[in-house]
Amino acid sequence: MNARQEQVNAPAVERQPANDGLARAVVGLARRDLRVALRRSGDTLQPLGFFLIVTTLFPLALQPEVSLLRDIAPAALWVGALLASLLALDLLFREDAQDGTLEQLALCGQPLASLVLAKTAVHWLLTGLPLVVVAPLAAMALGVPAAALPAVLAALVLGSVTLSLIGAVGAGLTMGMRRNGSLLAMLVLPLVVPVLIFGARATAFAIGGEAVAAPLYLLGAMAVLAVTLAPFAVAAAVRIGLE
Amino acid sequence: MAWVWFHRFGSPPYFYRVAGRLTPWFAWPALVLCLAGLVWGLGFTPPEWHQGDGFRILYIHVPAAWLSVQVYVVMALAAAVGLIWRMKVAHAVAASCATLGASFTVITLGTGMLWGKPMWGTFWAWDPRLTSELLLLFLYLGYIGLRSGFDDTARADRASAVLAIVGVVDVPIVNYSVVWWNSLHQGPSIIRAGGPAIAVPMLIPLLLMIVGFYCYFAAVLLVRVRGEILRRERNAQWIAEELAAPGAGVGSGGGSGAIAGTFQGASVPNSPAGHARI
C-alpha cells in the first residue's frame, strides 16, 4: 500500500512546477489556521466584544447627544478598531510559537514571508473582517447616518488590513517575550498613526457628506504598501523570535 | 578590494582604537563651534523684529530638531548594515544612537514648548511638526523598550534592527500624514527653494551651532560605541591587552591609565580564575 502510494506520488511531485508547492503550502496553512481558530472561536471573538465595549464607553463618558456623538464617532470607531486589533495580535503567533508550529514553517523550505502573509490574511479574516461586520452597529449607535456607512466600512476594510500587517511585525518581534502587552502597543501604535489619521478623516468626511475618495485612496495605498513590504519584516521578526 | 576598509571597521578592536583616536577630532570642534555660535547668537545677533529676543531659542531648537530625525536615519542604516553583514560593531552603533536620538528629540520638544508659549500663547499645539516629533520620540522609546526586553544582546540587536528599518520606512508616511492632518508651525526656512529665508546675521551663528551639534553627536556617539564595545566584548582577550597598555592606541593620555586600572580591577571577579578561587 505504502509502496504503491509512493509510486503514485513520486512522479507527480516531480512533474509539478516549483511554485505549486508554495501555493499548496499557503492554502494548507490557511485552512489549518482557519480550522484551529474556528474550533476556538471564543478567543477569536474577544477583540470583537472589546471593540463594541470601547465604542459604548464613549457615549457613557460624554453626553448622549446625537450631534456630539456624531462629532466623536470617527475617533471612537478608529481608536476602538486600533485597540481591538492590538488586542487580537496576541492570537497571531503566540500559540504557534509555543507548540513549535512556527519553527516547522520556518524550516519547511517555502519562503517564510509568503507563509506569514497567509497567516496574517487568515488573522485578518478572523479579527479584521468581523470588526468591519459589526462596525455598522457601533457606528449607528454613535449617530452615524446610514448614508455614510458604505464609506466608513470601506475605510475600515482598508485600514484593518494595514493594522493587521504592521501589527504582525510587532507581534513577531515580541513573540519570544513573556509579558509583551504594553511593549507591543509601544512598538505598533506610533507606526499606525497614518491609518488612524486617514481612517478617522474618511469617516468624518463621510459623516459630513463630503467626498471621501482622497483619504480612501491613501488608506488603499498604505494597505498595498503594507501587503507588499510587511511580510518580509514579519518573516525576519519571526526568524529572530524563533532563535 | 575596495571594501577592505569597510570590513576592517567590522572588527571591534580596530573600531575601538580608531574611535578613540577620532573622538577628540570631533569633541574639540564641537566645543569651539557651539561656544562661538552661542556667544554670537545670544550676544551679538540683533533681536528679531516680531519675536524680540525669544527667537534665540532657535539656536538650540533647530540643530536638535535636525539631529533628532537624522540620528534615527543613522540608527536605521547602522541597524541595516548590522543585519545584512552581521557586523557586531554596526549593531553597537545603532544601540548607541537610540538614547542619543531620544535625548535630541526631548530637547527639541522641550525648547519647542518653551518657544511656543510666548509665540503661540501655548506650550503645546497639535501642530504637525510637534506631533511628528512626539511620535518620533515614541518610536525611539519603542526601540529602547524592545532592546531592553531581550536578555541576549545578539537577539536584541537583530529584533531592534528590524524595528528600526520598519520605522524608517514608516517615518516619512507618518510625517506626511501628520502634515496633511493639521498645520500651524512655520515652514522650513533654511533648506528650501529660493535660498534661506533667514537673515544672514542670524544664519551664521545657526550654522555654527548646527555643525557644532553634528560634531557633538559624532564625538558622543564614538564614546558611547566604545563603551558598548567594552560591554559586549568584556570577556575578550584584546580588551585586557588594550587596557593593560595605557596610551597604546587609546590616545587620551593619562586618563586611559586610570580607566584601564578600574576596568582591570572590575574584571577580576568575572574572570574564570576568580570564580575558580571562590
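Angles under 35 degrees count as roughly parallel, over 145 as roughly antiparallel, 65 to 115 as roughly perpendicular, and the rest as oblique. This is a predicted model: local features need pLDDT of at least 70, side-chain atom pairs count only at pLDDT 80 or more, and totals for chains, interfaces and linings use all residues. Residues are numbered from 1 along each chain as its sequence is written, while chains are lettered from A and ligands numbered from 1 in the order in which they are written.

**Exercise 1.** Count the helices and strands of chain A.

Solution. Helices (H or I, at least four residues) and strands (E, at least two) are DSSP runs, numbered from the N terminus. Chain A has 11 helices and zero strands.

**Exercise 2.** Classify the crossing of H7(A) and H11(A).

Solution. Step one: take the axes, lines fitted to C-alpha atoms over the stretch in contact, with angles from 0 to 180 degrees between N-to-C directions. Step two: helix H7 (residues 112-141) and helix H11 (residues 213-242) of chain A cross at roughly 100 degrees, their axes coming within 8 Å. Step three: H7(A) and H11(A) are therefore roughly perpendicular.

**Exercise 3.** Find which helix supplies the largest share of the side of chain A that touches chain B.

Solution. Contact requires C-beta atoms, placed from the backbone, within 7 Å. By that rule, 19 residues of chain A meet 21 of chain B. H8 (149-173), H9 (181-191), H10 (193-208) and H11 of chain A each supply at least two residues of the chain A side. H11(A) gives the largest share, six residues.

Technical notes: Two residues are in contact if their C-beta atoms, placed from the backbone, lie within 7 Å.
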